[in-house]
Each structure stands twice: as structure tokens, then as C-alpha cells.
Amino acid sequence: MTSREPALPLYHLGGRCRSIPGPVRTVLLGATGSIGTQTVDLALQHPGEIRLEGLTTRSRVADLAVLVKRLEDVGAADRPWISVLDIDAHAAAAADPILSRRLLPPGEDGLLAAAGLEGVDCVVNGLVGAAGLAPTLVAAERGRRLALANKESLVIGGGLVAEAVRRGGAEVIPVDSEHSALAQCLCGRSPEELESLILTASGGPCRDWDAVQLANASRADVLAHPTWEMGPKITVDSATLMNKGLEVIEAHVLFGVAYDAIDVVVHPGSVVHSLAVFRDGAMMAQLGAPDMRVPLLYAITGERHLPLATDRIDLKALGALRFAAPDEERFPCLRLARDAGRAGGRMTIALNAANEEAVAAFLADRVGFLDIPRIIASTLDSTEPADVSDLETALAYDREARRLAKERIPTL
Ligand SMILES: NC(=O)c1ccc[n+]([C@@H]2O[C@H](COP(=O)([O-])OP(=O)(O)OC[C@H]3O[C@@H](n4cnc5c(N)ncnc54)[C@H](OP(=O)(O)O)[C@@H]3O)[C@@H](O)[C@H]2O)c1
């Protein structure tokens, strides 16, 4: 893909999901994370709709064993396949009576085997970071329904994923609440009717902070997200607005909309999850309580609205909805992401890799909050744009950008 052009829509605009009779046989990548445990919760509520055939973790084997036991107790799993990435944690899983029954090899081999398991309808990708790309490609090549939370797959490998989806006949249904909202607004519409997209952003916990406060923002300040409970990496991304920048690129790849036609508004309440604007000026929005189980259930079950015990928005109590322009001076990550998206290919890989390294350093108290955009900008300045034609090239560019970013992080 030449990423400078609007992408062909990866999401089946105007089309319909395949209907899957009986429970959707599902593999859950990243079962012990925020997206993973919320998916397990859905399977516990809907064992007749979702059945887990495989679950993966990086290292949290004790948590995984508890999840599998609970799923088996309600009939939402029966001796599922297990992948544990970390070698020491894998040894612990091999000694566990529940996890050892069907244990895949450790490392990426086991993770990719889980992503490509036979007899599976749907793969939920709840992995964090660039590690999600290779499993996304495997699931796409196998023609699965891909409930995609791992936005980094599309940011660093949008063109590769699009090719794999076409080859394998997979369907990609976004799990990010903004993109799920857009998919719900666009359901049954033809691409020609669409004019632009508006992504909403909560603005994160530091939304109203001045430059001095931002310079002193601690890990604890940044992890206190006002509306969403998520894993640590995406929570930091929300505070820097990089999460919204990654989502702009994700929207470009998913819906085939040009960057100039994707706007971002700050909406602190996180009630309106995003909006589609049609060519006659009509705007369509999706509203709801901030609960990731809503987009997850919608994606796994093939874009159906099934019963779910979650809060309902009381519009009378809410009174008003607030929107504002994002401040790209205080939060430059949004502009960095947009520029990298426009340049495409290698630049989005460098953006993502530098961000992952900078966020990890911030979470380890090695750099300050405002160092995150500085490290990313400096890494991008040292990177030459190039197209990306295969996974090996993408991974080589990813390694090189991480090396550049790490050079910009003080060593302990
Ligand atoms: N959380 C949300 O509400 C939310 C909302 C929208 C989009 N997303 C997206 O969903 C994805 C997951 O986010 P999250 O918040 O659920 O993350 P998280 O809580 O950190 O969970 C990540 C999961 O992936 C596993 N994992 C981490 N690194 C891995 C690696 N290198 N190889 C294999 N497995 C690995 C973790 O295992 P361990 O438990 O052993 O570490 C955990 O199971 C991200 O792309 C995020 O942007 C999340």
C-alpha cells in the first residue's frame, strides 16, 4: 500500500457480517489484560453466544488459570488451548493442572499457533503494542472474524493487514470504542455517502493542566484516567493524546477516509463515542456508557446488539454535552501521529516504536511526561520515509526506530 493515498476500506462498509450459528468459537489473545478480562466477562454472561477455544498471556499464569476455571464452570470453555509467552511462566503453566492440559509452546510460536487454531470463528486481539501485528496477520490469512482491539496492528501494518484480509477472506471489526461507534453509524451505508469522520477524545487526566504541571506529571497522575479503566500503556497514550493520534491512523486504514477528513474533538464525558458526517451534512453519533464490553460484544457476535448489564445514559440527568478543540501545542503527539500517518509506511512504524519505548521509560520513572513527545519527534526526525512491503521489513524498521528512541532515553 502507498500509505499517502486514502486506503481502501478494510472494514466492510455497506456490507454485513457473516452469520455464525451457535456460540462463536473464539480465541482470546491477551486474556489477562484489560480487554482480555472484559471479554471473559462477556463469555461468562453469554456462554451460549461466546465459547473460548484458546487463551493467551504473556506471564500471568495464576490469573489465567482462574479465568479458565470460571469459564469451564459456566460451560463457556472446555479444555481450551493455552499459550504463555514468557519461558519461566510457561514452565509454571506446565505444572498447573488446568493450564497444562492443552499447552502450546512458549514464545511467539505458541502465540501464533493460538492465533491460527483450527475450528475457530473469531480471534479477539487484546495484545498491547507492535507484538499484536504478527498474530493479526495469521488470523487474517486464516479468514477469521477479527475483533481487533490492538490498534497498533493497523498503525504499523495497515497495508499488510489489508492484503492478508483480502487473501484470507477475513472480516475485521474494530473494538476501539470510537471505531466501533463509527462502524455502528456506518452500518448499511455506502462509502459514497460518507464525507468525514469525527473522533471524540476524553482528553485524559491532564486535559486542563498547564505546561509546568505537565512537566511534573507523575506516573500516578497519568494513570488516573477520568472515564476509562484500561491497561497502563493505553492510559498513558490517552494522557498524551497519542492514543487519539493512533486512532486517526486506525480510522484512515479501517474506513478508507483521507486524513484531512478525520477530525478530533475533546469530549470530556466520553458519552458520544464518535460521529460520522454524511455528504448532505447529516451527522450520526453513537452514545453510551464508557464500557468496553459494549464494542467487544458487538464485534465478537458479528455486529449484534445483545443484552448486556451495563449502565444506561440518563440524558435528563446529564443535561448537556461538552466539546472542545484539542490543544496540539500542549499535546503535540496528535500532530506527530497525523504527520506520520500522512507520510505512511516506515514513519508510522517509527512513530509507534518510539512511543512504546518512551511510554515504557515514563512508566519506569526514567523520563518525564513531556519527554514522551520529544523522544518521538527526535526519532521521527532521524527516520527516512519508505514503503513497507512485508512483515520482515516492518519488523526491521520497528527495531531500528526502537534503537533510535532508546538512544534518546537516559540510561540508569
Ligand atoms: N483497555 C481498554 O479499555 C482498551 C480500549 C481500546 C483499545 N484498547 C487496545 O487494546 C489493546 C490491549 O490493551 P489493554 O489495555 O487490554 O492492555 P493490557 O491490559 O496491558 O493487556 C495486554 C495483554 O497482552 C499480553 N501481552 C503484553 N505484551 C505481550 C507480548 N509482547 N506478547 C504477548 N502477549 C503480551 C498481556 O499479558 P500479561 O497480563 O501477562 O502482561 C495481557 O494479557 C491495546 O492495543 C489497546 O490500545 C484497549
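**Reading a helix residue, a ligand shell and three domains**

Trainee: Where should we start?

Mentor: I156 sits in helix α6 (residues 152-168); helices here are DSSP runs of H or I with at least four residues, strands are runs of E with at least two, and both are numbered from the N terminus. Keep in mind that this is a predicted model, where local features need pLDDT of at least 70, side-chain atom pairs count only at pLDDT 80 or more, and totals for chains, interfaces and linings use all residues. Residues are numbered from 1 along each chain as its sequence is written, and side-chain values use heavy atoms, with hydrogens and water left out.

Trainee: Is I156 buried or exposed?

Mentor: Buried means under 20% relative accessible area, exposed over 50%, and partly exposed in between (1.4 Å probe, protein chains only). I156 has 7%, so it is buried.

Trainee: Which residues does I156 touch?

Mentor: Contact means heavy atoms within 4.5 Å. Leaving out residues up to four places away in sequence, I156 touches A130, L133, T348, I349 and N352. The C-alpha atoms of I156 and G344 are 9.0 Å apart, with their positions 188 residues apart along the chain. G344 comes just after α14 and takes a positive phi of about 75°.

Trainee: Which residues of α14 are buried?

Mentor: An α-helix has 3.6 residues a turn, so residues three or four places apart point the same way. In α14 (residues 333-343), the buried residues are C333, L334, L336, A337, R338, A340 and G341. Their cover includes α10 (232-240), α11 (242-255), β8 (262-266), α15 (346-363) and α16 (371-381).

Trainee: How is the protein divided into domains?

Mentor: Domain bounds come from an automatic or database domain assignment. Here they give domain 1 (24-179), domain 2 (189-288 + 310-318) and domain 3 (333-407). Between domains 2 and 3, 26 residues of domain 2 are in contact with 19 residues of domain 3, and their centres, taken over C-alpha atoms, are 21 Å apart.

Trainee: Why does the ligand lie between domain 1 and domain 2?

Mentor: Domain 1 and domain 2 both give residues to its shell, so the ligand lies between them. A residue is near a molecule if one of its heavy atoms lies within 4 Å of it. By that rule 25 residues surround the ligand, and the closest are T32, S59, R60, E152 and G231.

Trainee: Which polar contacts are there?

Mentor: A polar contact is a pair of N or O atoms within 3.5 Å. Among them, a polar side-chain atom of S34 is 2.9 Å from a ligand nitrogen, and a polar backbone atom of I35 is 2.9 Å from a ligand oxygen.

Conventions:
Polar contact = N/O pair within 3.5 Å; in protein donor to acceptor, adjacent residues only side chain to side chain.
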